[in-house]
Amino acid sequence: MIEFVKVSKIYDNGARGLCDLDLFIEKGEFVFIVGQSGMGKSSLVRLLLKEVEPSSGKIFVDGQDITTIKRRHLPYYRRKMGVVFQDFRLLKNKTVFENVAYAMQIVEATNREIRRAVPQVLALVGLQKKAKAYPNQLSGGEQQRTALARAIVNRPPLLIADEPTGNLDPDTAWEIMTLLEDINDRGTTVVVATHAHDIVDDMEKRVIALRNGELVNDIGISNIPEIGGIISEAEDY
Amino acid sequence: MKPRTIRYYFVEAIRSVIYNRFMSVASIFAVASSIFIVAVFYIIGANVEYFMNQLEAQMGMAVRIDENLSETDQARLRERIREIRHVASVTFISREDALENMRKTLGDDAVRGLELDNPLRDSFIVELTDLAFHDEVEHAILNLRQYGAAQVDSDAEFARTLSAISTIVYIVTVTLILILAGISTIIITNTIRITVNARKTEINIMKYVGATDWFIRWPFVLEGMIIGFLGGAVPAFICFFGYGYVIGTINEIPMLAWVSFMPEEHIMRYVFPLSFMLGVLIGLIGSVTSVKKHLKV
């Protein structure tokens, strides 16, 4: 699903984002990207979103070399993935229903399709009773669930979550992670960038640890006992 | 583009105007005040030009006709004068009509005794399309001596002065309107830019969700056009109702009763649509340029 081939990212100010990163994520996988702030997690997410270009190397998503995508084709690439951010990024002048429907309107879905799909996805994230509420009337967890509903309403094959629990209390954070797991169970590849130790430890998923833009460890599900160790190793730096 | 997408753009634009009502009202006022100033200058300029044209129309030249000219030759001469470039009209005034006009202007005493031995001649009153060509036309008429044009009477110096003033008024008016329109566009573009800047995050979110540039841009463009249209409506209606009132009030002042103003319909034929069009155009330019900056995400 995702392949990074010798990808480096050096920003204009000289800061190193990623360094010679080789990475392969299978279709249908659930992967945590861990590491302290400034160690390359966000660079990896921004490169996947094609918000920035790599300084060198190639990135393939679903078999397509995204470094060659032209700017005018960028929206169509982004529609293949759902994105969830730490700060939710909801449209404040739209209700929960409208925020989710917006993702369908941009792909010119019919009103009938929108009326059918949005309630379904709101039910999946447990927000069916909040459809008419505006973002400022919701708790942090509800806002993140709205963002999640918007991210999956078009059934993208890939979901990227950048610190999705960063602004949430532990209980709500678990609710969100459980939802992400449910989404993954339905066949969506999920990539979560986080530094939430406890969640990563308990969820027993593949963990990719980055330090200073380099891959320091990549532990698969079969090596679960090592996870705590590699997070510490990445963060002790 | 599908009809439901077009409908979506319009609904979004209207909703946005209402949702961001504070900035919308500020933008509408910026557009309205700028266009109002431009409209007022246009009206003043158009009236000055109209007044000059009226004066020019009264500044025709009189071509005295050779006394021995037959009616057929007179008609031929009239035709020759009419063919001269920049001649707007040629009107025949008989010597009797000329004397009558003199009586009306100067009184009975001035013309007493002249009825028996009228010293005036038949003439043609020639009006020009533009006083700037006075000398050229006068020269052309004097070349028609062999056809019976005996003499040309006109105030060449006054005609030249009037023509020069008219040209200056035109240049000053057009320059002022262009400068004001330019300043207005900058002010309004900045106002709309502030509105759009405040919604930078909104545009970013749309980009991350996979919206195309035009899907994001259209509601903003329509919103700018709605604001511009409403901003144009204010000065249009103020001028529509205010112009008649102002010229009526001025004409009631005895000292200024003689001043003639451009007819209301003529002014409104231009000011009304121009006001709306200028508003919509400014709104369009403002929103397109403002949104462009935030689309590179």
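**Group meeting: the chain B sheet, its helices, and the contact with chain A**

Val63(B) stands opposite Val152(B) in β4(B). Let's start from that pair and work outwards. Keep in mind that this is a predicted model.

First, the strands. Strand β1 of chain B covers residues 61-65. It pairs with β4(B) in the antiparallel sense, over 4 bridges. In general, strands of a sheet pair through backbone hydrogen bonds, either parallel or antiparallel.

Now the whole sheet. What is the strand order in this open sheet of chain B? It runs β2-β3-β1-β4, 4 strands with antiparallel pairing. Look at the edges. They are β2 (87-93) and β4 (149-153) of chain B, and each pairs on one side only. Neighbouring strands are turned by 25° against each other on average, ignoring direction.

Next, what lies across this sheet? Helix α3 of chain B, residues 71-82, lies across β1, β2, β3 (123-128) and β4 of chain B. Against β2(B), helix α3(B) runs at about 160°.

On to the helix pairs. Take α1 (residues 3-19) and α9 (residues 213-252), both of chain B. Their axes are 8 Å apart, and they pack at an angle of about 55°. Therefore α1(B) and α9(B) are oblique to each other. Their crossing is right-handed. Which residues meet here? From α1(B), they include Tyr9(B), Phe10(B) and Ile14(B). From α9(B), they include Trp218(B), Leu222(B) and Ile226(B). By class, this contact has 10 nonpolar residues, 1 polar and 2 charged.

Stay with α9(B). Its other partner in this talk is helix α10 of chain B, residues 264-294. The two axes come within 7 Å and cross at roughly 155°. How does that leave the two helices, roughly parallel or roughly antiparallel? The angle makes α9(B) roughly antiparallel to α10(B). This crossing is right-handed. The contact of α9(B) with α10(B) holds 24 nonpolar, 10 polar and 3 charged residues.

Last, the two chains together. How many residues of chain A are in contact with chain B? There are 16, and they touch 14 residues of chain B. On the chain A side, the elements giving two or more residues are α2 (74-78) and α3 (96-105) of chain A. Helix α3(A) gives the most, with 3 residues. Mind the chain letter here: this α3 belongs to chain A, while the α3 lying across the sheet belongs to chain B. The chain A side divides into 7 nonpolar, 3 polar and 6 charged residues.

That's my tour.

How values were computed
Residues are numbered from 1 along each chain as its sequence is written. Chains are lettered from A and ligands numbered from 1 in the order in which they are written. This is a predicted model: local features need pLDDT of at least 70, side-chain atom pairs count only at pLDDT 80 or more; totals for chains, interfaces and linings use all residues. Two residues are in contact if their C-beta atoms, placed from the backbone, lie within 7 Å. Ala, Val, Leu, Ile, Met, Phe, Trp, Tyr, Cys and Pro count as nonpolar, Asp, Glu, Lys and Arg as charged, and the others, Gly among them, as polar. Axes are lines fitted to C-alpha atoms, for helices over the stretch in contact, and angles run from 0 to 180 degrees between N-to-C directions. Angles under 35 degrees count as roughly parallel, over 145 as roughly antiparallel, 65 to 115 as roughly perpendicular and the rest as oblique. A crossing is left-handed if the near helix is turned anticlockwise from the far one by less than a right angle, and right-handed if clockwise. Two strands pair if DSSP finds at least two bridges between them.
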